[in-house]
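Please open the structure in your viewer and keep the sequence beside it, since this tour moves from one selection to the next.

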Amino acid sequence: MVEKKKTTKKAAPAAKRPAKAAPRKAAAKAAAPPPAPRAAKPERPRKAAAAPSRPAATGVHDLAPAAGATHYRKRVGRGPGSGHGKTAGRGHKGQKSRSGYRHQRGFEGGQMPLHRRLPKRGFTNIFRVEYEIVNLSDLDRFDAGAAVNPETLAASRLTRKNRPVKILGDGKIQKALTVSAHKFSASAKAGIEAAGGRCEVLSR
């Protein structure tokens, strides 16, 4: 036999309660006068940010290196907390980890070093003579009729002392000078003689 399902009737929804009347407190607030505005607090004067002033040095004892210019010495082999303990930054095994390691200048671990990889060309002349160069335009600063030699040129900061001097023909000269130097170019000699001057060749 098939049992019939019992049907239960749902209870009817309860009737809505009537809305409550407005509370008395709200009515009392509406009737009360508005509160008086609060007096504004006087603003405190803000302090101007003081510029970082460094006291002027008054003596050698007040001088100090700039911030970050000096560093602590790197102390190795002082425990694992430092990060440089045990192997002391040398790593494990190998020639570089042993005491007494050294290598020749330019050694690159066995590969062809740079000074052997680069191509070579020419040679260096060990007997080359370097001359101090003075042009005709530089000689125009001297007075007419003056004697110009390596000593006067060095005193005028045109050359360095104890160096042979060579006169070149760049520029023009309008004064008659007696110029003594170790070498003259052909154009320099012609320019000095055209202005009424004279050239004297010195021996080195």
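## A guided tour

In this predicted model, buried residues make up 16% of the 204 residues in the protein. Colour the chain by secondary structure, and you should find five helices and six strands, which follow one another along the sequence as α-α-β-α-β-α-β-β-β-α-β.

Next, select Leu139, Leu153, Ile167, Val179 and Ile192, which are the residues with the most contacts inside the largest nonpolar core, a group of 17 residues. Four elements each supply at least two residues of this core, namely α3 (136–139), β3 (165–168), β4 (178–181) and α5 (186–194). In soluble globular proteins, nonpolar side chains tend to be buried together. Now centre the view on leucine 139: which residues does it touch, leaving aside those up to four places away in sequence? Leucine 139 touches Val134, Val148, Leu153, Ile167, Ile173, Leu177, Val179 and Ile192.

Then turn to the charged side chains and select Glu132, Arg160 and Arg163, which are linked in a network of salt bridges. Between glutamate 132 and arginine 160 the N to O distance is 3.3 Å, and this pair joins strand β1 (residues 132–135) to the loop between α4 (150–155) and β3, 28 residues apart. Arginine 163, in the loop between α4 and β3, lies 31 residues from glutamate 132 in sequence, and the closest N and O atoms of their salt bridge are 3.3 Å apart. Is each partner buried or exposed? Glutamate 132 counts as buried at 10% relative accessibility, whereas arginine 160, at 51%, counts as exposed, and arginine 163 is partly exposed at 33%.

Finally, select arginine 128 and glutamate 130, whose salt bridge has its closest N and O atoms 2.8 Å apart.

Terms used. Residues numbered from 1 in each chain as written. Predicted model: local features only at pLDDT ≥ 70, side-chain atom pairs only at ≥ 80, totals over all residues. Heavy atoms only, no water. Buried < 20%, exposed > 50% of the residue type's maximum accessible area, 1.4 Å probe, protein only. Core = buried A, V, L, I, M, F, W, Y, C linked by side-chain atoms within 4.5 Å. Contact = heavy atoms within 4.5 Å. Salt bridge = Lys/Arg side-chain N within 4 Å of Asp/Glu carboxyl O.
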